[in-house]
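Q: Could you take me in for a close look at one spot where two helices pack together? Start with who meets whom there, then work outwards so I can see what that spot belongs to.

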Amino acid sequence: MGTSDSPSGVTIDDLRGFFGRLEQPTKPVAITDVTEFLNCPPQTAHRYLEELTERGELRTRQIDGSTRVWWATGGGSTDRQGTDDEQFAAFVSAVKDYAIFMLDPEGRVVSWNDGAERIKGYDKAEIVGEHFSTFYTDDDVDDGVPVRNLETAATEGRIEDEGWRVREDGSRFWANVTITAIRDDGALQGFTKVTRDMTERREYEQRLEGQAERLERQRDELERELDDVFERIDDAFYALDDEFRYEYVNDHAEAHLGEPERTLIGRRPWEVFDVDESAPLFDRFEEAFATQEPMRFEHYSEELEIWAMVRIYPSESGLSVYFEDITQRRERERELERVYDLLERAERIADIGGWEIDPDTRDVFWTEHLFDILEVSSDEEPPLDEALDVYHDEDRPIVERAVEEALRSGEPFDIESRFQAPSDEVRWLRIIGEPDVEDGEVVSLRGAVQDVTERKGREQELQRVRDRMEFALNATDAIVWDWNVDEDRTSFYPSAESLYGTPVENWDDFIGIVHPDDREQVEEGIREALETGEPKSDEIRIDRDGEERWIEAPGRPIQDEDGSTRMVGVARDITERKTFERQLRESNERLEQFAYAASHDLQEPLRMVSSYLQLLEDRYGDELDEDGREFLEFAVDGADRMREMIAALLEYSRVDTQGKPFEPVDLESVLADVLADLQFRIEEHAAEITDEELPTVEGDDSQLRQVLQNLLSNALEYSDDAPPRVHVSTERAGGEWILSVSDEGIGVDPDDHERIFEVFERLHTREEHAGTGIGLALCKRIVERHGGEIWVDSEPGEGATFSFTLPAADDAAG
């Protein structure tokens with residue numbers, strides 16, 4: 001029985017049993033088949049296979065450069081060689097892991113096994129007779145690889161090659177190829193070609209190569225980093241043994257100590273420096289070695305005449321000592337101390353404090369003078385939230401947003417904020433922040449704070465002066481002009497174009513836009529002002545974009561310090577005023593005529609008629625029959641209506657002449673008064689009147705009250721049978737307000753929308769609806785006096801909306 005001397009416990013009998021279990025014991029197998037079945041190392045399987053081969057129980061053959069197969073003997077055949085060849089041929093035909101085939105001397109395929117069909121994809125019928133270069137890539141064929149391989153195999157007997165090969169479907173695989181020349185008595189008979197698909201191995205090797213390359217790169221990077229570290233280390237270094245004798249001295253230490261390493265080895269530092277062993281530096285050596293604790297300290301060496309940063313790292317075998325020459329750093333520190341002192345003095349002189357914020361911790365650092373500016377204790381810097389609390393409640397969010405945005409974006413800021421001192425005094429600060437950015441990240445935010453209260457006060461006062469001047473200019477629609485007479489150069493604020501419609505750079509430009517009839521007047525006024533030094537004032541016409549406009553341009557001459565003469569003044573457009581004055585004169589003339597006729601020519605006869613009618617009624621009323629009394633009643637009523645119409649006409653004529661100056665008018669208050677006046681009529685009609693919040697406008701409160709009262713009275717009068725529903729609304733339109741009074745009454749035919757605003761125009765008889773026919777005409781005249789328009793939107797039976805525009809109070813003030 002076979003005994004096992006293998007660590008795996010496998011015996012040679014186990015190998016015999018393996019071949020006995022094969023369905024075809026004479027079928028060749030590879031060593032991998034044996035190791036997988038017996039679960040043993042390849043060395044054990046190979047040793048037992050060789051032993052059985054030597055005993056004649058197995059046959060073996062090499063099928064390519066690295067693969068050998070074995071098979072059991074046939075048992076008693078007299079033609080063993082023939083049997084072996086047949087068994088091997090059967091194996092070659094059946095093996096599927098290798099493409100094994102033969103080529104003729106020219107390289108054409110003459111045999112084909114199952115493995116070749118599986119690996120390369122061709123069946124035997126279609127490939128036999130084809131040249132084996134079919135399996136090579138186009139690039140290899142162009143480079144002559146197939147031809148060279150055959151030549152090498154023919155010359156040297158065998159060639160092994162690896163590379164990409166092509167299957168029948170065009171796909172590629174990585175192949176290990178062995179080509180062996182077959183000769184008979186020296187004559188070349190052909191070649192055997194064994195191909196293995198090594199694609200998976202190739203990919204695995206490439207992965208290994210990639211890993212190896214990455215590891216190599218990492219190693220190189222580490223080496224470079226270490227080299228960089230060593231190159232950056234400027235420290236002198238030496239190692240001492242447990243008796244403090246030099247064991248190693250680097251180049252930097254040699255340079256400082258003034259001796260080469262070879263003369264220092266074995267000596268003690270105090271011997272080299274020729275000082276006492278009890279010197280303080282060596283006491284530190286003793287302490288570090290005794291405690292086995294690292295030490296770090298600064299030391300001035302009188303022997304070397306340098307300041308050194310000394311670091312001692314102890315071990316049981318001695319000390320590692322690093323020392324760095326920090327003499328220049330110490331000198332810089334002294335210089336920085338002087339600079340810091342100067343900066344501190346400069347801070348106090350300029351009344352500026354510095355600050356810094358750490359983005360990670362939000363810790364805040366303040367310079368001493370910033371504590372003084374903010375009048376807070378300098379015991380310790382507050383955290384960021386508390387630091388922001390020093391600012392005025394209304395300004396704190398502004399400062400906080402500026403800080404947060406700078407920390408986020410890396411952008412600087414420059415803002416001004418108030419803060420309330422402990423004394424309750426409110427002062428102004430200018431706060432500047434400048435982030436430090438490294439690799440796109442804010443690593444620090446530094447800045448300065450300056451008390452600018454006095455400057456802010458001057459600026460605010462200057463701004464108030466400017467605002468008043470601009471208000472005055474806007475209120476008068478004026479510009480400021482300045483003409484340097486000697487240089488003939490002009491300047492304007494805000495601009496010449498805003499008034500003249502064209503640039504004006506010199507005298508010729510200005511005189512060119514003046515109306516031809518007024519030029520002589522302008523030139524005479526300027527000449528007289530320059531001669532007398534007295535101010536001049538003119539009202540003249542200009543041509544602005546083809547339109548005649550009136551301007552007023554008062555000015556006076558002044559002398560500059562350099563002796564040059566200038567004319568300065570203001571100019572404003574007075575076209576509307578001049579037009580209004582003309583219209584007012586014409587209107588007043590007409591009204592004077594009307595007022596005279598109304599008061600004398602109409603009212604006096606009317607009073608006489610009324611008096612005689614009253615006398616007639618008093619004396620003969622009882623004698624008149626029913627028709628007579630009715631006629632008399634008609635006459636009295638007609639006289640009363642005539643008196644009402646004359647009174648309404650007088651009111652209509654006095655809209656412009658007796659109106660009050662415009663001022664801001666609260667329409668909410670006006671509407672409340674109107675509703676109070678109409679209270680009994682509203683209750684009588686069971687009316688519902690609603691309104692929106694009404695604005696403040698610029699106008700005459702008495703006249704605007706008359707407009708609202710007339711419109712609301714009409715809405716009540718011309719309601720349908722149902723209780724009136726009236727709504728007062730408002731809408732902003734640029735510099736104007738649009739007020740609307742809407743009802744659900746009988747409505748107005750669109751053909752009558754314009755006519756109802758004419759004097760004495762009535763759409764209904766007095767029996768249907770009372771009135772003089774002048775109410776809407778009066779509303780129109782009042783609205784036009786205010787620079788607005790009035791109109792109606794209505795259809796019969798669908799109610800009416802009367803709307804009118806008024807100037808907004810803020811726009812009129814601006």
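A: Let's start right at the meeting place. From H26, the residues Gln703, Gln706, Val707, Asn710, Leu711 and Asn714 meet Gly775, Leu776, Leu778, Cys779, Ile782 and Arg785 of H27. Keep in mind that this is a predicted model, so everything here is about a computed picture.

How do the two helices sit against each other? Their axes are 9 Å apart, and H26 and H27 pack at an angle of about 145 degrees. The crossing of H26 and H27 is left-handed.

Now pick out Cys779 on the H27 side. Its relative accessibility is 0%, so Cys779 counts as buried; the cut-off for that word is under 20%. Another cysteine, Cys40, is buried too, with a relative accessible area of 9%. If you're hunting for disulfides, the structure holds zero of them.

Next, step back a little from the helix pair. H26 (701–717) and H27 (775–785) each give two or more residues to the largest nonpolar core, which has 38 residues. H26 supplies the largest share of this core, with seven residues. Helix H24 (667–677) also gives two or more, as do the strands S27 (725–733), S28 (736–743), S29 (790–794) and S30 (800–807). The residues with the most contacts inside the core are Leu667, Leu711, Leu712, Phe802 and Phe804. You've already met one of them: Leu711 is among the H26 residues that meet H27. As a general rule, nonpolar side chains in soluble globular proteins tend to be buried together.

Phe804 is a nice one to click on. Leaving out residues up to four places away in sequence, Phe804 touches Val707, Leu708, Leu711, Trp737, Ile738, Leu739, Val783, Glu789, Ile790 and Trp791. Val707 and Leu711 in that list also meet H27 from the H26 side. So from your starting spot you can hop from the helix pair to Phe804 and on to Trp737 or Ile790 by following contacts.

Apart from this core lies another one, of 27 residues, with Phe371, Leu384, Ala406 and Leu445 among them. Phe371 leads us to Gly354: their C-alpha atoms are 9.7 Å apart, with their positions 17 residues apart in sequence. Gly354 is found in strand S13 (residues 352–357), and it is buried, with a relative accessible area of 11%. Beyond its neighbours within four places in sequence, Gly354 is in contact with Glu347, Phe365, Trp366, Thr367, Leu370, Gly447 and Ala448.

Gly447 shows up again when you look at how S13 pairs. S13 and strand S17 (residues 441–451) run antiparallel, joined by six bridges, and the bridge partner of Trp355 in S17 is Gly447. On top of that, S17 pairs with strand S16 (residues 426–438), again in the antiparallel sense, over 10 bridges. One place to see this is Arg430, which stands opposite Gln450 in S17. S16 and S17 form a hairpin with two residues between them, and Asp439 in the turn has a positive phi of about 55 degrees. In general, strands of a sheet pair through backbone hydrogen bonds, either parallel or antiparallel.

For a helix lying across strands, try H8 (residues 145–156). H8 lies across S4, S5, S6 and S7 (187–197), running at about 165 degrees to S5. Those four strands form an open antiparallel sheet in the order S4-S7-S6-S5. The edges are S4 (99–103) and S5 (158–166), each of which pairs on one side only. Neighbouring strands in this sheet are turned by 25 degrees against each other on average, direction ignored. S5 and S6 (residues 172–184) share nine bridges, and Arg158 stands opposite Thr180 in S6.

Finally, zoom all the way out. The protein chain has 28 helices and 30 strands, and 36% of its 814 residues count as buried. Among contacts between residues at least 6 apart in sequence, 49% join residues at least 24 apart. Your helix pair, H26 and H27, is one piece of that whole picture.

Methods
Residues are numbered from 1 along each chain as its sequence is written. This is a predicted model: local features need pLDDT of at least 70, side-chain atom pairs count only at pLDDT 80 or more; totals for chains, interfaces and linings use all residues. Side-chain values use heavy atoms; hydrogens and water are left out. A disulfide is a pair of cysteine sulfur atoms within 2.5 Å. Buried means under 20% relative accessible area, exposed over 50%, partly exposed in between (1.4 Å probe, protein chains only). Two strands pair if DSSP finds at least two bridges between them. Axes are lines fitted to C-alpha atoms, for helices over the stretch in contact, and angles run from 0 to 180 degrees between N-to-C directions. Contact means heavy atoms within 4.5 Å. A nonpolar core is a set of buried Ala, Val, Leu, Ile, Met, Phe, Trp, Tyr and Cys residues joined through side-chain atoms within 4.5 Å. A crossing is left-handed if the near helix is turned anticlockwise from the far one by less than a right angle, and right-handed if clockwise.
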